[in-house]
Amino acid sequence: MNNCKKLNNIGQSVWFDSIQRSILADGSLDRMIKDGLIYGVTSNPSIFNTAISKTEDYDDAILSMAIAGFSSEEIYNQLAREDILSAADSFMPLYQASNRKDGYVSIEVNPMHAGNSKKMLSEAREIWRKYQRPNIMIKVPATLAGLVTTEKLIREGINVNVTLIFTLSRYRKVVEAFLSGLEKRLTDGNSIENIASVASFFVSRVDTKIDKMLVDMPSQSAKIKDLYGKAAIANTRLVYEVFQKEFSSSRFKALTQKGAQVQRPLWASTGTKNPEYSDVVYVDELIGPDTVNTVPPATLTRFLDHGKTVKTITTNLEGARCTIQSLQELGISLEDVGVLLEKEGIQIFADAYRSLIRSIEIKRRGMNKRLGSLGKDVTQQIQKLDNARMIERIYAHDPKVWTDDPGEAGEIKNRLGWLDLPSTSMAIVDEIKSFKDDVIQCGYKHIFILGMGGSSLAPEVFKLVLGSTSGLDLVVVDSTDPDQIRSLYRGKDLEKSLFIVSSKSGGTSEVNAFLDFFWAKCYKNFKEDTGMHFVAITDQGTSLDKLAIERGFRKVFYAHSSVGGRFSALTAFGLVPAALLGIDPSKILKKAGSMARQCFSTEPAGRNPGLVLGAVIGQAALGAKNKLSLLADPEIRPFGNWIEQLVAESSGKKGFGIVPVVEEYTLPARDYCSDRLTIYLRLNGAFDTHIRKLEKAKQPVVVINFRNREVIFQEFYRWEFATTVACSILKVNVFDQPDVQDNKIRTANKIKEYQQKGVLDEPPILWKNDKVNIYAPEYLGIRQNMKLKEIVNHVLAMGKAGDYTAINAYLPYDKSIIKAMDKMRRNIQKKTGMAATRGFGPRFLHSTGQLHKGGPNTGIFIQITREPLHDLDYGDLSFGTLERAQALGDYESLVARKRRIIRIHMKKGSLTTLVKELF
């Protein structure tokens with residue numbers, strides 16, 4: 001049994017004199033409660049000032065409210081409310097189990113009002129009304145105004161922690177205010193059963209003050225030296241003597257018959273400040289029944305290690321009286337000292353409050369400054385969304401948030417299940433964990449995810465950002481390039497390989513091709529046992545579901561029918577691969593749930609991190625800043641690819657669209673056009689210098705701090721909510737992808753032609769040399785006498801303000817090709833100022849492809865193809881044929897929409913060589 005539990009058995013409760021968002025978020029507070037280490041929490045402006053000004057724990061919340069136009073005081077009140085409510089909810093089971101004796105969380109009224117009973121009373125009532133928790137205590141200073149306030153609050157049934165008590169005389173008045181408040185409440189005809197109060201007597205400050213007075217005395221006799229460090233404990237023991245007398249009186253006994261609880265003395269300021277004294281002296285010497293000791297973190301650690309656990313509070317009362325008498329003989333009056341300490345205490349808390357507000361103000365202004373001129377418009381947009389009850393309507397599945405078209409209403413209503421995934425997906429956690437254990441027990445080493453877009457991007461993020469702790473190697477197959485596919489499975493032991501076929505619709509052509517290919521390879525080796533190497537994730541009743549059952553797949557996981565593919569990270573599509581990597585799916589959902597709670601409709605719109613981020617992105621797009629530059633520190637950079645798909649495919653339609661620009665080189669701020677909004681996902685500050693340069697150049701910037709890599713769990717939800725809000729501002733249906741189907745149809749037609757003719761029909765070659773063929777529509781005006789570099793420059797010169805370039809390569813995404821494409825992007829950006837993106841086909845067709853075709857006609861597209869080095873057959877086709885058909889379908893779809901597109905087909909040589917020639 002730990003020392004705190006032993007104290008609790010004696011009758012003393014240890015409360016924690018600290019609160020900070022990190023211990024609420026990481027479960028530390030819950031663990032301390034569960035282990036019986038703490039039985040309550042107290043807070044004050046000093047505690048909050050330290051937590052907010054010296055950590056980044058609160059920056060994300062401050063960011064949202066700063067952008068929304070909250071004042072620093074409003075921000076503090078909201079932050080404090082969130083922490084107090086979170087702590088109160090954690091303590092609620094203890095509050096109930098202890099019959100309302102323990103489990104309290106204290107919040108202080110503004111110390112600037114310590115002398116104004118009217119203001120304190122008004123604020124305390126407002127806190128009690130807003131917080132709506134029976135285990136909250138309002139901290140009121142024991143000033144004369146505070147005594148009046150205390151009596152009235154008790155009369156109104158509000159729990160009070162009377163604080164800053166230093167003297168016996170003031171303590172007696174605190175007790176009187178408490179008893180009088182109870183009696184008046186009974187007179188009013190109200191119950192007093194559920195009212196709790198503590199009287200906080202400050203301890204160590206008494207010794208600090210009196211020791212200083214003793215040191216300043218000219219004579220340092222043995223009698224004087226013997227008084228060092230004795231006054232506080234002596235004074236406190238006499239307080240406890242008064243407590244015992246007052247709460248055993250006939251007056252209080254009459255109140256107990258009506259259900260009254262004692263007002264327990266609380267020993268505050270119990271951290272040892274003099275290093276010559278025991279580091280737990282103000283705990284060890286003040287142990288007694290019906291008391292509370294509120295200890296700071298360091299003192300708690302020390303007490304658990306070497307504290308006493310016997311009753312000491314009533315020890316040597318005569319010695320305590322002698323100590324007080326000796327001090328009086330030296331001219332030291334504890335009453336006078338108490339008056340001085342009360343004044344200083346109020347000043348300390350007031351200074352801490354002012355410092356706290358200054359700290360928030362500095363952060364608030366800095367965050368607002370980053371948005372520049374965009375800030376005012378965003379603040380107005382947030383107010384507009386709030387007036388339109390946007391949060392409430394999203395959770396009510398109101399399709400008019402995005403469109404007035406009744407034909408789209410049904411689909412929208414059936415695509416909002418993602419809002420509840422942090423809770424509803426908990427239903428499959430045990431099933432997923434059991435599956436993971438089975439996979440490991442069966443000796444599998446390699447997991448292949450066969451999927452596209454939303455079915456594969458979240459697993460890829462989990463793998464690249466968090467890695468694997470399970471010993472399983474996860475490979476994402478989302479390319480039809482035969483050379484890419486071969487590189488992914490080469491050297492893998494098929495006997496130890498498991499293939500997860502992920503397709504929401506069950507009919508994704510690429511996924512079906514992957515399945516056919518790997519099924520055939522496995523069947524050669526395993527015959528009738530082949531099905532045990534395959535798992536399906538799909539909607540119930542799809543063709544994949546039926547096929548999986550027919551072929552005897554090891555497992556079928558069903559996705560949520562009301563969740564679209566790009567919103568499916570928190571469904572089986574993301575959770576199953578995450579579990580196989582060794583990531584606890586329940587942890588993912590709990591973290592996401594913390595963000596979901598912040599986005600829920602009970603919070604103010606300006607505190608909603610998803611709504612505020614969506615308002616920034618959406619308003620920027622309305623104001624011609626629709627290029628969303630996503631900077632991310634290297635460790636979390638892959639998360640940007642998931643965001644790219646979510647934002648581009650959701651917003652790019654009906655001539656509107658937000659263009660995500662991920663993994664780009666950082667250029668001098670002057671080289672960026674005015675169409676940019678930069679969002680920096682910051683883990684370690686690798687781009688801090690660049691961000692400062694952008695800010696100086698008046699480029700709008702938002703910085704989202706990641707405390708660790710696992711923040712991506714909650715960021716999945718934030719970005720889904722933000723994208724939903726941004727699309728509501730643009731008035732586009734966030735959940736459809738109308739132009740993707742066109743590319744699929746064209747690809748399917750190409751394949752049918754190939755099956756009939758044995759060749760794929762290519763458009764006419766517009767220009768060629770021994771290395772490349774150039775394909776382009778006539779309306780681009782490319783001339784035969786141009787050189788290759790001139791052709792590319794001619795096309796790029798068509799760009800104007802607000803345009804962007806998309807480099808889309810139907811090639812393997814290996815390091816050398818990525819490097820060459822990024823060099824190409826960098827040169828284009830420096831030459832033209834336009835944003836430049838890169839994508840690999842057919843992967844990008846499931847992300848930015850919708851934007852390219854359905855978004856604004858502001859893109860210049862450079863498509864790059866080549867013959868595969870080594871083709872791979874599946875069924876009666878080859879991946880090389882499928883990839884080429886997809887490239888041709890993509891090209892034709894863009895031409896049909898009069899997009900500016902050029903296709904460069906490499907007949908020989910590398911992309912690296914080609915880029916050198918072009919730039």
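This is a guided tour of one protein chain, stop by stop, for a reader with the structure open in a viewer.

The model is predicted, so local features are reported only at pLDDT of at least 70 and side-chain atom pairs only at pLDDT 80 or more, while totals for chains, interfaces and linings use all residues. Residues are numbered from 1 along each chain as its sequence is written, and side-chain values use heavy atoms, with hydrogens and water left out.

**The whole chain**

Begin with the full chain, whose C-alpha atoms fill a box of roughly 110 × 60 × 55 Å along the principal axes. Colour by secondary structure to see 38 helices and 25 strands, where helices (H or I, at least four residues) and strands (E, at least two) are DSSP runs numbered from the N terminus. Of the 919 residues, 61% are buried; buried means under 20% relative accessible area, exposed over 50%, and partly exposed in between, with a 1.4 Å probe and protein chains only. Among contacts (heavy atoms within 4.5 Å) with a separation of 6 or more, 79% join residues 24 or more positions apart.

**Strand S3 and its neighbours**

Select residues 104-108, strand S3, where 5 of the 5 residues are buried, so the strand is largely enclosed by the rest of the structure. In a regular strand the side chains alternate between the two faces of the sheet. Here Tyr104, Ser106 and Glu108 point one way, and Val105 and Ile107 the other.

Add strand S2 (residues 40-41), which pairs with S3 in the parallel sense over 2 bridges; two strands count as paired if DSSP finds at least two bridges between them. Valine 41 stands opposite valine 105 in this pairing. Then add strand S4 (residues 136-141), which pairs with S3, again in the parallel sense, over 4 bridges, with methionine 137 in S4 as the bridge partner of serine 106. Following the chain from S3 through helix H7 (residues 117-131) to S4 traces a right-handed β-α-β crossover, the term meaning that, with the strands pointing away from the viewer, the path from the first strand over the helix to the second runs clockwise.

**Helix H5**

Move to residues 59-68, helix H5, where 10 of the 10 residues are buried, so this helix is largely enclosed by the rest of the structure. The buried residues include Asp59 and Asp60 as well as Ile62, Leu63 and Met65. Glycine 69 follows H5 and has a positive phi, near 95°.

**Salt bridges**

The whole structure holds 62 salt bridges, each defined by a side-chain nitrogen of Lys or Arg within 4 Å of a carboxyl oxygen of Asp or Glu. Select glutamate 603 and arginine 81, which form one with the closest N and O atoms 3.8 Å apart. This pair links distant parts of the chain, 522 residues apart, with glutamate 603 in the loop between helix H28 (585-599) and helix H29 (609-622) and arginine 81 in helix H6 (residues 72-97). Both glutamate 603 and arginine 81 are buried.

Next show arginine 237 and glutamate 285, whose salt bridge has an N to O distance of 2.9 Å. Arginine 237 lies in helix H12 (residues 231-246), and glutamate 285, 48 residues apart from it, in the loop between helix H14 (281-284) and strand S8 (291-295). Arginine 237 counts as buried because its relative accessibility is 9%.

At arginine 389 and glutamate 392, the salt bridge has its closest N and O atoms 3.3 Å apart. Arginine 389 is partly exposed at 46% relative accessible area, and glutamate 392 is partly exposed at 43%. Finally, select Asp739, Asp742, Arg746, Lys750, Glu892 and Arg897 together to see a network of salt bridges.

**The six-stranded sheet**

Display the open sheet of 6 strands, ordered S18-S19-S25-S22-S20-S21 with mixed pairing. Its edge strands, S18 (767-768) and S21 (835-840), each pair on one side only. Within the sheet, S20 (residues 804-809) and S22 (residues 859-866) pair in the parallel sense over 6 bridges, and asparagine 808 stands opposite glutamine 863.

**Glutamate 883**

Which residues does glutamate 883 touch, not counting those up to four places away in sequence? They are Thr480, Asp481, Pro482, Tyr810, Leu811 and Gly841. Glutamate 883 is found in helix H37 (residues 879-896), and it is buried yet has no salt bridge, the nearest side chain of opposite charge being that of arginine 884, 6.6 Å away. For charge, Lys and Arg count as positive and Asp and Glu as negative, while His and the chain ends are not counted.
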